[in-house]
Amino acid sequence: MRNAFIKTLTEVAEKNKNIFFITGDLGYSVIEDFQAQFPNQFLNAGVAEQNMTGIAAGLASTGKTVFTYSIGNFPTLRCLEQIRSDVCYHNHNVKIVAVGGGFHYGALASTHHPTEDLAILRSLPNMTVIAPNDPIEASLATKAVIKKRGPCYLRLSMSKRIHQTPPDFKIGKAITVREGNDISMITTGGMLEPAIEAAEFLSKENINVEVISMHTIKPIDKETILKTAQKTNAVVTIEEHTILGGLGGAVAEILMENMSKRIIFQRIGVNDTFAKKIGSRDFLRKEYGLTPETIVERVKSLLSNK
Amino acid sequence: MHTKEKNYQEQAKKIRGYVLKMVYQGQSAHAGSNLSAVDIIAVLYKNILNIDPKNPEWEDRDRFIMSKGHGAAVVYAALALKGFFPMSWLDTYYQDDGKLAGHVTKLNVPGIELSTGSLGHGLPFACGVALAGKRDKKKYRTFVIVSDGEMDEGSNWEAFLFAPYHKLDNLIVILDYNKIQSLAPVKDTLDLEPVADKLKAFGWTVKEIDGHNHTEIESALTPIPVKKGKPLFVIAHTIKGKGVSFMENTVAWHYKNMDEKLLEQAFNELNIKKEDFGL
């Protein structure tokens, strides 16, 4: 997704001289072309995320569309108050990009795992939060955040390409990737891929799954959530993120406040823990129940109570 | 006395009067922190900043950022006197549904560049503004006042490293060095000394002045850049609570409020009349 992001940004920056890209000294083998092509629109702020975010707000105050870029929790949690006060409070046009959402940097361990970022960033007023599900969405999301004025958080992860043709991408509008009547899987941040695999497996057992890409966590697409819940009466959210306050939390809020009938609901994600084992992303996904197989298990046991 | 110096003194007196009025009416903290910055603010707004109250968002304006956001009353008083908004707004400082908050707050207040209050935010922001000026070949300058307690914040030191490396000679930081922070003197909290040597070692041009001497303030800030390719760091030695004997050099007046009697005394010491300030 990061390659899709930087490719799109490079295309846009050619025409739009207001685009300004700041890295916190990360992006080896990704950002070099941008830097070479647009030196006047590029800055390496060094390993100093608080200053980077303050600088971004300052640049944005003069009319620029500023991207800050780093990995893991560095462009978000390390400088959270700069994001809150200098960016969000002033509604400055700053786009925060984090690479490596979830367990992407597996064996580098928990310091490098953004697994609470969606919940935290979602709580900030004026902030838009987007976690694309595949490289196509990442590219479309990049264009969309440039068009949208104000603070945005773009959380990039890794996924194979899911959408064969570019979907109609709108901030705050979910994409229904697969229709079904028995249960809805609402996914974000690269979890569409295992969800689809799980859905395909379940279809062989005559369980028809509706799979939704909820690329935007804030503003959340209330309409699609309620529509699918009305249809299937069973909803699971799937995110490579704590189950507290992220996608699962956002969907639960909508369902609790709006559904008059009882539906089955479960959040699949990281269960309020740091990664306590060492290993690759695939290993950690297995360990914390985020593989197609574990999703299938969870769905089957959930539906047996329906 | 030189006319210019007389003007500065008049301006500083007015600002002090309004600051006292505001903190008294609002029963707010930070009287001492505001008074230590009055003379610097008076010179900045009278003669240094290239700004236009009729066009506060003018894109080529000089930017002034009060990073010590608790020094809000002094900035509001200077902005009102400059004509950015009606003097009557000062009466709403710290009041319910007022126009002016207890920290420097931009919410619909013309002339404020950045809402501050949490320390260590102004300088990184100013680096961004100054960098934009350089990249876009603009002539404007960016001025920041930081407090001495605020120098504890690591974000400032990230910016101290950044600005000289990027040759931001359009950036000016003024340290309001009144030597007292929230709970105790600076030297008994996290000593800054030798602060001049530290900033020089980081690559800044450093000047040291009496922060209550208008001539020294003005000459430290003219012309900019002092040295091509280098940002300027002005150490302004100040007195917390300057001008009011019972506030001067005390830790307590970072937070304390005046009653009517003390207000009377403060105005008498400054040789100004309460009535002239609508009190």
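This is a walk through a predicted model, starting with how chain A is put together, moving on to its contact with chain B, and ending inside chain B.

Let us begin with chain A, which is divided into domain 1, covering residues 2–156, and domain 2, covering residues 175–303. Their C-alpha centres lie 26 Å apart. Domain 1 of chain A gives 27 residues to the contact between them, and domain 2 of chain A gives 34. Together the two domains of chain A bury about 2200 Å², with carbon and sulfur atoms accounting for 55% of that area. If you would like a few residues to click on, try A:Phe103, A:Arg122 and A:Asn133: these supply 36% of the area that domain 1 of chain A buries against domain 2 of chain A, more than any other three residues.

One member of that trio has a further role in the contact. A:Arg122 forms a salt bridge with A:Glu253, and the closest N and O atoms are 2.8 Å apart. The count of salt bridges between the two domains of chain A is one. Polar contacts add to the picture, with 25 residue pairs found across this interface, both partners at pLDDT 80 or more. On the domain 1 side, α5 (117–122) and β5 (128–130) of chain A each supply at least two residues, and α5(A) gives the most, with four residues. By class, that side divides into 12 nonpolar, 10 polar and five charged residues.

Now step across to the other chain. The contact between the chains takes 24 residues from chain B and 27 residues from chain A. The area buried between chain B and chain A is about 1900 Å², of which 55% comes from carbon and sulfur atoms. B:His121, B:Arg135 and B:Glu158 supply 33% of the area that chain B buries against chain A, more than any other three residues.

One salt bridge is found across the interface of chain B and chain A. It joins B:Asp136 to A:Lys64, with the closest N and O atoms 2.9 Å apart. There are also 11 residue pairs in polar contact between the chains, both residues at pLDDT 80 or more. On the chain B side, the elements that give two or more residues are α4 (122–135) and α5 (154–165) of chain B. The largest share, eight residues, comes from α4(B). The side of chain B that touches chain A has 11 nonpolar, eight polar and five charged residues.

Finally, look inside chain B. Helix α3, residues 72–82 of chain B, is largely enclosed by the rest of the structure, because nine of its 11 residues are buried. Among the buried residues of α3(B) are B:Val74, B:Val75, B:Tyr76 and B:Leu79. What do the buried residues of α3(B) pack against? Their partners are α1 (3–26), α2 (31–48) and β1 (63–66) of chain B. After α3(B) comes B:Gly83, with a positive phi near 100°.

The loop between β1 and α3 of chain B holds our last stop, B:Lys68. Is B:Lys68 buried or exposed? B:Lys68 has a relative accessible area of 1%, so it counts as buried. Its side chain reaches the backbone oxygen of B:Ser33 at 2.8 Å. Leaving aside residues up to four places away in sequence, B:Lys68 touches residues including B:Ser36, B:Leu119, B:Ile145, B:Glu150, B:Asp176 and B:Asn178.

Technical notes
Residues numbered from 1 in each chain as written. Chains lettered and ligands numbered in written order. Predicted model: local features only at pLDDT ≥ 70, side-chain atom pairs only at ≥ 80, totals over all residues. Heavy atoms only, no water. Contact = heavy atoms within 4.5 Å. Buried area = accessible area lost by both parts, 1.4 Å probe. Salt bridge = Lys/Arg side-chain N within 4 Å of Asp/Glu carboxyl O. Polar contact = N/O pair within 3.5 Å; in protein donor to acceptor, adjacent residues only side chain to side chain. Nonpolar A, V, L, I, M, F, W, Y, C, P; charged D, E, K, R; others polar. Buried < 20%, exposed > 50% of the residue type's maximum accessible area, 1.4 Å probe, protein only. Domains from an automatic or database assignment.
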